[in-house]
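Student: Hi! I have a new model open and would like to walk through it with you. Could we start with the overall layout and then zoom in?

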Amino acid sequence: MDQNNSESKSVLCTLLDKNDQSKYVFFTQKRSAGDINIGFTNGEDVWKTHLSEEILSQLFKKFALKSTEDYTFKLKCACKAGRAFVKLQEDSAVLHLGAEPTDLSLSLSKLTDSEGRTEVKDLLFKMADSLQQLESQGSSSSFSPIKSTQKKSSEYEPRTQHKGPIVAVRKRLPGDSLINPGTKRKKPATGVAFDDGDDE
């Protein structure tokens, strides 16, 4: 399995602790051997654990999962659904993915400061790569700002619905009345012309 393929199956999401509303970045790193690293960070400290193939196969049986992708998807869903919470200890942490005793929980070790900085740096670059990949996918697709604007403008225009037969409108000829179409417009009255000379 190549590195790009394994990285594409890694998980990176926000974990909001349901107890105290603390925010963490949750991540998984699938390795080529079939094992996986799982961790989270608050931006300062990093906690991480390694799950071997043997441990993963036990978890698959316990939670009726078929693959590592199913397992990481279960972790991601628990984080996004707000069911997860963290119990921090001096040099370790326990990540609970539900309140029930049968729910999944993981014990993670706290990394040293230098290891933590390296991990946070790797996460930042991974986020930047993901954003860049999304942008390049958007630009390579058949997306056109002009076309989308035309489509949006037509969405908000009132739709003309024809009910009944369509009647042809006759063009108004010069001299036709605006109020009563079809009748000629009458010329304004000029009044009666009196001959003033006869009165003298």
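Student: In what order do the elements of the protein chain run from the N terminus on?

Tutor: Happy to help. This is a predicted model, and its elements run α-β-β-β-β-α-α-β-β-β-α-α from the N terminus. That gives five helices and seven strands in the protein chain.

Student: And what percentage of the 200 residues count as buried?

Tutor: 28% of them count as buried. The accessible surface of the chain comes to about 15,200 Å², and 52% of that belongs to carbon and sulfur atoms.

Student: What about contacts, how many join residues at least 24 apart?

Tutor: Among contacts between residues at least 6 apart in sequence, the share is 38%.

Student: OK, on to the sheet. In what order do the seven strands sit?

Tutor: They form an open sheet in the order 1-2-3-4-7-6-5, with antiparallel pairing. Strand 1 (12–16) and strand 5 (85–88) stand at the edges with a single partner strand each, so one side of each has no neighbour in the sheet. From one strand to the next, the twist averages 30°.

Student: How many bridges join strand 1 to strand 2?

Tutor: Five, and the two strands run antiparallel. One pair to look for is threonine 14, whose bridge partner in strand 2 is valine 25. The hairpin of these strands has six residues between them, including glutamine 21 with a positive phi near 60°.

Student: And on the other side, how many bridges join strand 2 to strand 3?

Tutor: Six bridges join strand 2 (residues 23–30) to strand 3 (residues 36–41), again antiparallel. Threonine 28 stands opposite isoleucine 38 there. This hairpin has five residues between its strands, and glycine 34 in the turn takes a positive phi of about 100°.

Student: Why is strand 2 called largely enclosed?

Tutor: Because six of its eight residues are buried. As for what packs over the sheet, helix 3 (residues 68–80) lies across strand 1, strand 2, strand 3, strand 4 (46–51) and strand 7 (105–110), and runs at about 175° to strand 2.

Student: Let's pick a residue. Is threonine 49 buried or exposed?

Tutor: Threonine 49, which is found in strand 4, has 16% relative accessibility and therefore counts as buried, the cut-off being under 20%.

Student: Which backbone oxygen does the side chain of threonine 49 reach?

Tutor: That of serine 107, at 3.4 Å. Leaving out residues up to four places away in sequence, threonine 49 touches Ile36, Asn37, Ile38, Ser107 and Leu108.

Student: Switching to helices: which residues of helix 2 are buried?

Tutor: In helix 2 (residues 53–63) they are Leu56, Leu59, Phe60 and Phe63. Seen down the helix axis, the buried residues fall within an arc of 105°, so they line one face of helix 2.

Student: What covers that buried set?

Tutor: The cover for the buried residues of helix 2 includes strand 3, strand 4 and helix 3. On the other side of helix 2, Glu54, Lys61 and Lys62 are exposed.

Student: Which residue follows helix 2?

Tutor: Alanine 64, and its phi is positive, near 55°.

Student: Now a long-range one. Where is methionine 127 placed, and which residues is methionine 127 in contact with?

Tutor: Methionine 127 is in helix 4 (residues 113–140). Setting aside neighbours within four places in sequence, methionine 127 is in contact with Leu12 and Val25. For leucine 12, the separation from methionine 127 is 115 residues in sequence, but 8.2 Å in space, C-alpha to C-alpha. At 32% relative accessibility, methionine 127 counts as partly exposed.

Student: Last stop, the edge. What does lysine 87 in strand 5 touch?

Tutor: Lysine 87 lies in strand 5 and is in contact with Ser92, Ala93, Val94 and His96, leaving aside neighbours within four places in sequence. Lysine 87 counts as partly exposed, at 46% relative accessibility.

Student: And how far apart are lysine 87 and asparagine 19 in space?

Tutor: They are 9.8 Å apart, C-alpha to C-alpha, with their positions 68 residues apart in sequence numbering.

How values were computed:
Residues are numbered from 1 along each chain as its sequence is written. This is a predicted model: local features need pLDDT of at least 70, side-chain atom pairs count only at pLDDT 80 or more; totals for chains, interfaces and linings use all residues. Side-chain values use heavy atoms; hydrogens and water are left out. Two strands pair if DSSP finds at least two bridges between them. Helices (H or I, at least four residues) and strands (E, at least two) are DSSP runs, numbered from the N terminus. Axes are lines fitted to C-alpha atoms, for helices over the stretch in contact, and angles run from 0 to 180 degrees between N-to-C directions. Contact means heavy atoms within 4.5 Å. Buried means under 20% relative accessible area, exposed over 50%, partly exposed in between (1.4 Å probe, protein chains only). A polar contact is a pair of N or O atoms within 3.5 Å; within protein, one must be able to donate a hydrogen and the other to accept it, and residues adjacent in sequence count only if both atoms are side-chain atoms. The arc is that of the directions from the helix axis to the C-beta atoms. Accessible areas come from the Shrake-Rupley method with a 1.4 Å probe; for residues, only the protein chains shown count as cover.
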